[in-house]
Amino acid sequence: QTNIALLAFKTAVNGSLAKYNLQDQVIDEYTNATGVDATPSTDHVLASGAYSGEAPAPSHDADATGTDGGSTWYKWTDTGSTGTYTPNDTVDHDFLVIAGGGSGGRGNSASGGGGAGGYRNSYASEATGGGGSNEAAVSLTTSASYTITVGAGGAGVGGTSGANVSGINGSDSKIVGTGVSVISVGGGAGGNPSVSPGAGADGGSGGGSAGVNYATSGAGTANQGYGGGTSNSAQWAGSGGGGAGAAGGNVPSGDGNDATGGGAGLTSSIDGTATPRAGGGGGTGDMGTNTTSGGTGGGGQGGPVSTAGGAGTVNTGSGGGGGASAASGAGGSGIVIIRRTTPVLHNDF
């Protein structure tokens with residue numbers, strides 16, 4: 001019987017047969033899928049004459065993806081359209097969701113910096129925005145489709161001449177789908193010294209105020225960002241926008257030249273690289289000759305008088321810098337990153 005079985009196997013090999021039937025046995029070289037019932041056998045891979053099972057890859061349209069240790073991350077950066085993600089199994093996903101930053105204000109004398117977009121983070125006990133605690137990962141459900149939205153930054157406003165104009169708020173970034181709604185609020189716009197409106201706008205982080213008429217800064221959103229700085233000045237001075245990690249700087253009372261910089265951002269390594277993001281934009285002051293810095297993490301600088309404010313860095317959600325007798329800087333666009341355990345092969349035949 002042993003010899004007959006060996007002879008049958010050799011005959012099948014010599015004849016290059018994928019499957020060879022005898023009266024009481026079947027010999028299969030597994031050179032192809034011949035003889036394998038595909039209905040009960042799913043998620044299988046044939047390689048080198050052996051079958052193994054493999055979890056199907058998630059379906060997604062991420063703009064970039066990669067691995068870090070035993071995890072895979074997916075990154076969306078495009079503000080032009082919404083993205084999608086469909087997990088292959090039900091598993092926890094960490095996330096970093098940053099909204100678009102607000103643009104700085106434009107004033108004939110001074111203006112406030114734009115606030116950073118809301119900053120929400122669940123990865124590795126890292127900080128989330130506004131001094132909030134690290135959030136819990138979200139469980140994404142097998143075969144459910146999740147919509148990804150990356151918020152655009154607020155556009156810069158004004159020019160070398162014209163009226164006092166407040167900046168424009170950034171747009172929200174989101175992960176929304178079955179059982180999940182993670183929304184980061186767009187950054188607040190920087191203020192201008194006009195009577196109406198003059199204050200910095202509320203947002204993920206608040207915009208900075210400008211001038212003496214409206215010294216109120218924009219407020220940040222709880223667990224997403226800090227408020228903008230306050231002018232507190234008898235002169236025309238602009239304060240910095242708030243960042244994810246710190247409030248915008250306050251202008252000392254009575255000092256119109258020393259506009260203040262934007263609040264600091266935060267750093268995350270969710271994609272394997274430590275990257276600072278979500279800094280506030282710097283303000284500008286009347287007769288100021290110095291550049292005020294944007295907050296660490298990509299905040300746009302506030303320029304001296306007649307110099308345009310700097311734009312927030314793309315895909316950091318940072319605020320734009322204010323402009324005095326010049327255009328303000330645009331807010332930086334946001335970003336969405338999710339991270340999960342990488343699916344692995346497993347034998348199931």
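In this predicted model, Gly227 is in contact with Gly206, Gly218, Ala219, Gly220, Gly242, Ala247 and Gly248, when neighbours within four places in sequence are left aside. Gly227 itself is placed in the loop between strands E15 and E16, the latter spanning residues 266-268. Between the C-alpha atoms of Gly227 and Gly130, which are 97 residues apart along the chain, the separation is 8.5 Å.

Strand E15 also takes part in strand pairing. Strands E14 and E15 run antiparallel and are joined by five bridges; within this pairing, Ile175 has Val182 in E15 as its bridge partner. The hairpin formed by E14 and E15 has two residues between the strands, and Gly179 of this hairpin adopts a positive phi near 75°. Strand E14, comprising residues 173-177, is also joined to E13, in this case by three bridges and again in an antiparallel arrangement. Here Thr149 is partnered with Lys174 of E14.

Both residues of the Ile175 and Val182 bridge pair recur in the largest nonpolar core. This core contains 17 residues, and the members touching the most other members are Trp76, Phe95, Ile175, Val180, Val182, Val336 and Ile338. Two or more residues are contributed to the core by each of strands E7 (71-76), E9 (91-98), E12 (138-140), E13 (146-149), E15 (180-184) and E19 (335-341). A further core, of 12 residues, lies apart from this one and includes Ile98, Tyr123, Ile270 and Ala278.

The surroundings of Val336 illustrate how segments distant in sequence meet at the largest core. With neighbours within four places in sequence excluded, Val336 is in contact with Tyr74, Lys75 and Trp76, with Leu96 and Val97, with Ile148, Thr149 and Val150, and with Ser173, Lys174 and Ile175. Among these contacts, Thr149 and Lys174 are the bridge partners noted above.

Asn121 is located in strand E11, which covers residues 119-121. Asn121 is classed as buried because its relative accessibility is 0%, below the 20% cut-off. Polar atoms of the Asn121 side chain face backbone atoms of two residues: one lies 3.0 Å from the backbone nitrogen of Tyr123, and a polar atom lies 3.4 Å from the backbone oxygen of Ala127. Tyr123 is also among the members of the 12-residue core. Not counting residues up to four places away in sequence, Asn121 touches Phe95, Leu96, Glu126, Ala127, Thr128, Asn134, Glu135 and Ser268. Of these, Phe95 belongs to the largest nonpolar core, and Leu96 is also a contact of Val336.

Notes: Residues are numbered from 1 along each chain as its sequence is written. This is a predicted model: local features need pLDDT of at least 70, side-chain atom pairs count only at pLDDT 80 or more; totals for chains, interfaces and linings use all residues. Side-chain values use heavy atoms; hydrogens and water are left out. A nonpolar core is a set of buried Ala, Val, Leu, Ile, Met, Phe, Trp, Tyr and Cys residues joined through side-chain atoms within 4.5 Å. Buried means under 20% relative accessible area, exposed over 50%, partly exposed in between (1.4 Å probe, protein chains only). Helices (H or I, at least four residues) and strands (E, at least two) are DSSP runs, numbered from the N terminus. Contact means heavy atoms within 4.5 Å. Two strands pair if DSSP finds at least two bridges between them. A polar contact is a pair of N or O atoms within 3.5 Å; within protein, one must be able to donate a hydrogen and the other to accept it, and residues adjacent in sequence count only if both atoms are side-chain atoms.
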